[in-house]
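Here are my notes for someone opening this structure for the first time. Please read them with the model in view.

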Amino acid sequence: MKLLKILGDTGKFWREIRSYIEKDFGPVKSEWKFYSEKSGWTMKLLLKKRNLFFLSPVDGGFRMSFIFGDKAVSAIEESDIPKKIIDEVRNAKKYVEGRGIRMEVKSAKTVEIVKKLIKIKIEN
């Protein structure tokens, strides 16, 4: 898979995240889009027709961008996710789609946080 080649050592983190989603919630579909020279290629991951997040390769890892609706934001605030991330979600500008945050995935610790965010997104 080309993405895993691009991600290099962090490809294992992407495989773990995708396996987690498919094992616990069902098959996912990915769509690649080229938005601009500045942002480059971005992958949108969908569960059925629901957008879960966007993924973009970055130096030393990959960036995941999430949008959370009000119910998901409340669930995040009540979770054991690190306070820094709770504050980032709480303080993010609110759009019609919800509040957005970005996380760079470069470690196993971040993968565990991402899994919790995905679970909250799907369940809310």
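1. Helices (H or I, at least four residues) and strands (E, at least two) are DSSP runs, numbered from the N terminus. A helix's expected span is 1.5 Å times one less than its number of residues. The model is predicted: local features need pLDDT of at least 70, side-chain atom pairs count only at pLDDT 80 or more, and totals for chains, interfaces and linings use all residues. Residues are numbered from 1 along each chain as its sequence is written, and side-chain values use heavy atoms, without hydrogens and water.

2. Helix H2 covers residues 11–25, 15 residues in total. From first C-alpha to last it reaches 21 Å, close to the expected 21 Å. Just after H2, Gly26 has a positive phi of about 115 degrees.

3. Which residues of H2 are buried (under 20% relative accessible area, 1.4 Å probe, protein chains only)? They are Gly11, Phe13, Trp14, Ile17, Arg18, Tyr20 and Ile21.

4. Six strands form an open sheet in the order E1-E2-E3-E4-E6-E5, with antiparallel pairing (pairing takes at least two DSSP bridges). E1 (28–36) and E5 (94–95) are the edge strands, each paired on one side only. E5 and E6 are joined by two bridges. Lys94 stands opposite Arg99 in E6.

5. The largest pocket (an open set of 1 Å grid points where a 1.4 Å probe fits, with protein on both sides within 12 Å along at least five of seven lines) holds about 400 Å³ of space. Its lining (residues with an atom within 4 Å of a point) has 16 residues. Thr42, Phe54, Ser56, Ser65 and Arg102 lie nearest the centre. E2, E3, E4 and E6 each supply at least two lining residues.

How values were computed
Points joined across faces, edges and corners; volume = space filled by probe spheres on them. Buried < 20%, exposed > 50% of the residue type's maximum accessible area, 1.4 Å probe, protein only.
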